Amino acid sequence: MKNTYFTPGPAELYPTFAHHLQTAMDEQIGSISHRSKQFRDIYKFTDEQLRILLNIPATHGIFFTGSASEVWERVLFNCVEHESFHLVNGSFSRKFYDYAHSLHKYAHVLEKPFGEGFDYSDIDVPEYAELVCLTHNETSSGVQMRPADMHKLKRKYPKKLFVVDMVSSAPYPNLDFNLIDSAFFSVQKAFGMPAGLGVWIANQTCLAKAERIQKYESITTGAHHTLPVLWKHYQTFETPATPNVLFIYLLGKIAEDFNRIGIDTIRKQTEEKAKMLYKFLDDSKEFQPFVTEERHRSQTVIVATTKNPAEVLAATKQAGLILGSGYGSFKDTQMRIANFPAVSIEQVQNLINQLKK
Ligand SMILES: *Cc1c(COP(=O)(O)O)cnc(C)c1O
């Protein structure tokens, strides 16, 4: 029997993935040159599909990296001369902040306890912070920040660059890229692919900033894939080094499948499944939703508190349903349920029925 993965990354593969992989094999995508027209057409196609899906305007470029965490470093190198500002409420947003320290940036932080989220009214951005680092979906705690709050914040601080980690939620959040300068994700979460590709979206204001930083001798933008170099190659839909051609192809195909369904439908289905799961947790005696504030509850990674999560995980595994354990030290009290497009309403209902047992 095949398992269904409700794990928050790597996750259940999107149902069309195997078909696209077979096509890629048939077309020998793994062997084509990244300097060929065939590759440029693949990059262009994936770029077009992601633009439609996420409503990305022409001011922004779309670049490929090895992972999302690589983008933490790239964006800090290229968009921060001295000071960054981080909203931290879990392990992933904290790592982003840690990267800033490691790169010798002066990193400001506003921190909330695990399980709590940020609202517009909580936030004062420090005067000299150049880059505001937001995490749309804190995968460790199951907390989301609403895009409306992000947009309001940018309107209050229009001169600062805003970057959004949308790794465990894209394409769900409806970001306004006329306000958001940069965002990034990796493919092993809600896009339903195996790990191995990061996607970095950044606008011309980010590019101009990187070019300005490169003029100073004392500050480096790094050696590997600086934004100006990525952008230069992007003009012809190429990459500085040999990229993951296969995955760029597959991402374009999955994004096309999402576009056929329509992003509005995908968002509605995500909300419908999340509602089913939260309702079950709210009504249950054995389980409780970890995040108490409804507006901060993640729609894509649902965290539940329960007495003996290891036992629950073992029992659901018997039924072929693989759940995520609580993050780090929360293993003993929590479990995580990924609600990505790859799992259907029927599969979520099946999981709820199992959990009721
Ligand atoms: C998984 C995750 C990352 C890291 O992604 P990688 O592809 O493993 O580098 C970063 N941020 C969030 C919110 C994540 O969930």
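In which loop does Pro 171 lie? The answer comes in point 5, after a friendly walk through the whole chain.

1. **What you are looking at.** This is a predicted model, in which local features need pLDDT of at least 70 and side-chain atom pairs count only at pLDDT 80 or more, while totals for chains, interfaces and linings use all residues. Residues are numbered from 1 along each chain as its sequence is written, and side-chain values use heavy atoms, with hydrogens and water left out.

2. **The overall build.** The protein chain holds 11 helices and 14 strands; these are DSSP runs numbered from the N terminus, with helices being H or I of at least four residues and strands being E of at least two. Its radius of gyration is 20 Å, close to the 21 Å that the globule rule gives for 357 residues, so the chain is as compact as a globular protein of that length. That radius is taken over C-alpha atoms, and the rule is 2.2 Å times the number of residues to the power 0.38. Along the principal axes, the C-alpha atoms fill a box of roughly 65 × 55 × 30 Å.

3. **Inside and outside.** Buried residues account for 59% of the 357 residues (buried means under 20% relative accessible area, exposed over 50%, and partly exposed in between, with a 1.4 Å probe and protein chains only). The chain exposes about 15,500 Å², and carbon and sulfur atoms supply 51% of that area; the areas come from the Shrake-Rupley method with a 1.4 Å probe, and for residues only the protein chains shown count as cover. Of the contacts between residues at least 6 apart in sequence, 71% join residues at least 24 apart (contact means heavy atoms within 4.5 Å).

4. **Two domains.** Domain 1 takes in 4-11 + 264-356, and domain 2 covers 17-260; the bounds come from an automatic or database domain assignment. Over C-alpha atoms, the two domain centres are separated by 26 Å. The contact between them takes 25 residues from domain 1 and 27 residues from domain 2.

5. **Two cis peptide bonds.** Back to the opening question: Pro 171 lies in the loop between S8 and strand S9 (182-186). The peptide bond leading to Pro 171 from Ala 170 is cis, with omega near 15 degrees. Another cis peptide bond joins Gly 9 and Pro 10, with omega about -5 degrees. Pro 10 is in the loop between strand S1 (4-6) and helix H1 (17-26).

6. **Helix H5 and its cover.** Please look at helix H5 (residues 147-156), where the buried residues are Pro 147, Asp 149, Met 150, His 151, Leu 153 and Lys 154. Their cover includes strand S5 (131-135) and strand S8 (161-165).

7. **Two positive phi angles.** Neither Gln 28 nor His 225 is a glycine, yet each has a positive phi. For Gln 28 the angle is about 55 degrees, and this residue sits in the loop between H1 and helix H2 (37-54). For His 225 the angle is about 45 degrees, and its loop runs between helix H6 (204-213) and helix H7 (227-234). Are these residues buried or exposed? Gln 28 is exposed, with a relative accessible area of 56%, whereas His 225 is buried at 15%.

8. **Pro 243.** This residue lies in the loop between H7 and helix H8 (245-261) and is buried, with a relative accessible area of 19%. Leaving out residues up to four places away in sequence, Pro 243 touches His 34, Phe 39 and Ile 248. Leu 21 is 222 residues from Pro 243 along the chain, and their C-alpha atoms are separated by 17 Å.

9. **Met 1 and Lys 279.** Met 1 lies in the segment before S1 and is exposed, with a relative accessible area of 82%. Not counting residues up to four places away in sequence, Met 1 touches Gln 318, Ala 319 and Gly 320. The C-alpha atoms of Met 1 and Thr 316 are separated by 13 Å, with their positions 315 residues apart along the chain. Lys 279, found in helix H9 (residues 263-283), also counts as exposed, at 52% relative accessibility. Lys 279 and Pro 289 are 10 residues apart in sequence and 9.2 Å apart in space, C-alpha to C-alpha.
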